[in-house]
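Subject: A structure for you to look at

Hi,

Here is the structure I promised to pass on. Have it open while you read, and I'll go through what turned up.

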Amino acid sequence: MSDSSLSLSSDDEINSAAVGAMTLDRNAKLGKKDKEKKDKEKKDGKHPPTEVQFRINKYDDTAKILRFPTGKHTPVSAVVKAMCETLGLQPTSHALFALWLEGDHLQLQMKSHHEPAVVQRQWPDILEKFTYGAENEECRFLFKRDAFVSKQIERKVRDPIAINLLFHEARQHVINSLYPCNADDAVYLAAILMQLTYGDHNPSVHKEGFLVNGLTPFIPKHLLKKSSEGAGAVMWEAKVLAGHKQYAGKNDKTILHLLYLQYVWQWPIYGSVFFYGTMEAPQVGTVMREMPDIEVRVGVTTDGLHVVNDQSNQLIHSFHYDDICWDTKMVGALDVFFVEYGPEEAAKELAVITPQASLLDTFVSRAVDQLDEADEAMEQKRLEQAGVSEAPKHRIETGNSPASSPKGKPKNVAEKQKQKQGMGGKKFSLTNIAGKGKK
């Protein structure tokens, strides 16, 4: 083969160069089009989102890391669904739980359409609106009980994983003194915790001195503070160890979790969402004098409202919604949540000064509406069983006529608003509120 067969002619070199130039030009045009397409997609929000990651905490002091390719606009519904599936909850248990964003002074249950990543970025602004001076407080995502699940529904749960989650949430609220309880309550519940932690009572192990320095995980902190570290700790230990003996042979954890829950389900305050504020201390004696405000937390459930002294952990008031009217008003520069209670001829009022007043109002209103709907559904079922096709409509008062149910649980939304408007016209006796400043 000659050398000419191994080389390109000058014409071939020219043609090759032309083809190469055309290829480079075409690639450059394609690259430009791709870039323009990507820029347009980015501008239109159609470019692939950046993966988002959430740390979802649980009350057993563990957490799950969940990742979503849908990015920052991933809705709460997707997070809750993924969490339920990750934990292995039965499908019938999914509705028991919700995603919350919480700090030390504020807890918010997010709705299914909310976007956790977006709400988390807004947390400082949320704190500024609903707390006094807690703008730098950190938050965390928490997977816990839906606030609008009733105890009646909870009692029907048989899913062991759901029961475990509900148990740990209740235990934390008892130990951290969110649920006020007395010594007998504390000992009963601590004995169950001992059985869960250590199994059957062993006299050679579970004896004097075994628990005296380790009571914190078993006894509510407000009760431990009341007793001296010496004699008080010995007393608690003796009572808890004695109670522990009664559970010998009961080693099924789900059964023990249910025993714990069945006890705390008896408390009206169980399942409360807490809102924090202050209220004026009642006057003692006949001499009127300025008294320091009481720091309170208001626990709201699907059935009622409970006011607790946040310092002493004493329950001040406990109301069913049938027994109160409420209103939210601005008094000076302060948000105030008012409650009217007692016989109509001698009604009493209390006022909680709290930046969370609007949240309180929203929760109570929804809880009352939920009760109304349940009552109406039950009445309709009763009528259908009696052969009546439809329940009679509630009569709604109009104009300036008095509401048909001036006190107690409103029969419907229109009547509830009418009651609140009527209540808003009253003069409340707490005359010093307007002079108070933010704390």
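Let's begin with a term: a salt bridge is a side-chain nitrogen of Lys or Arg within 4 Å of a carboxyl oxygen of Asp or Glu. Keep in mind that what you're looking at is a predicted model.

With that term in hand, go to R145 and E154. These two form a salt bridge, and their closest N and O atoms are 2.2 Å apart. Are the partners buried or exposed? R145 counts as buried at 5% relative accessibility, and E154 is buried as well, with a relative accessible area of 1%. Both values fit the label because buried means under 20% relative accessible area.

The structure holds six salt bridges, so here are two others to find. One of them joins K81 to E85, with 2.7 Å between the closest N and O atoms. Why do these two sit about one helical turn from each other? Because they are four residues apart in helix α2, which covers residues 76–87. K81 is partly exposed at 47% relative accessibility, and E85 is partly exposed at 48%.

Another of them links the side chains of R382 and E379, again at 2.7 Å from N to O. Here the partners are three residues apart in helix α11 (residues 357–385), which is about one turn of the helix. R382 has a relative accessible area of 45%, which makes it partly exposed; E379 is partly exposed too, at 32%.

While you're at α11, have a look at the helix itself. It has 29 residues and reaches 42 Å from its first C-alpha to its last, close to the 42 Å expected at 1.5 Å a residue. Its buried residues include L360, F363, V364, V368, L371 and L383, but D361, D372 and Q380 are among them too. Just after the helix comes G387, with a positive phi of about 90°.

That brings me to backbone angles. Most residues other than glycine have a negative phi. Which residues did I flag against that background? One is D61, whose phi is near 70° although D61 is not a glycine. You'll find D61 in the loop between β1 (52–57) and β2 (63–68), and it is exposed, with a relative accessible area of 66%. Another is N313, again not a glycine, with a positive phi of about 65°. N313 also belongs to a loop, the one between β8 (304–309) and β9 (315–320), but N313 is buried, at 5% relative accessibility.

Next, a pair of helices. Two packed helices are described by the angle between their axes and the distance between the axes. For α7 (residues 183–198) and α10 (residues 253–264), the angle is about 170° and the axes are 10 Å apart. The two helices are therefore roughly antiparallel to each other, since an angle over 145 degrees counts as that. Which residues of α7 and α10 meet? From α7 there are D185, Y188, L189, I192, L193, Q195 and L196, and from α10 there are K253, L256, H257, L259, Y260, Y263 and V264. Sorted by class, that contact has 10 nonpolar, two polar and two charged residues.

One more spot to visit is T278, in strand β6 (residues 273–279). T278 is buried at 12% relative accessibility. Leaving out residues up to four places away in sequence, T278 touches D293, I294, E295, V296, A351, V352 and I353. D293 is worth a click as well: it sits in the loop between β6 and β7 (294–300) and is buried, with a relative accessible area of 19%. The C-alpha atoms of D293 and A281 are separated by 5.6 Å, although these residues are 12 apart along the chain.

Finally, zoom out to the whole protein. How many helices and strands are there? There are 12 helices and 12 strands. Of the 439 residues, 44% are buried. Among contacts with a separation of 6 or more, 60% are between residues 24 or more positions apart.

Have fun clicking through it!

Cheers

Definitions and conventions. Residues are numbered from 1 along each chain as its sequence is written. This is a predicted model: local features need pLDDT of at least 70, side-chain atom pairs count only at pLDDT 80 or more; totals for chains, interfaces and linings use all residues. Side-chain values use heavy atoms; hydrogens and water are left out. Buried means under 20% relative accessible area, exposed over 50%, partly exposed in between (1.4 Å probe, protein chains only). The expected span of a helix is 1.5 Å times one less than its number of residues. Axes are lines fitted to C-alpha atoms, for helices over the stretch in contact, and angles run from 0 to 180 degrees between N-to-C directions. Angles under 35 degrees count as roughly parallel, over 145 as roughly antiparallel, 65 to 115 as roughly perpendicular and the rest as oblique. Contact means heavy atoms within 4.5 Å. Ala, Val, Leu, Ile, Met, Phe, Trp, Tyr, Cys and Pro count as nonpolar, Asp, Glu, Lys and Arg as charged, and the others, Gly among them, as polar.
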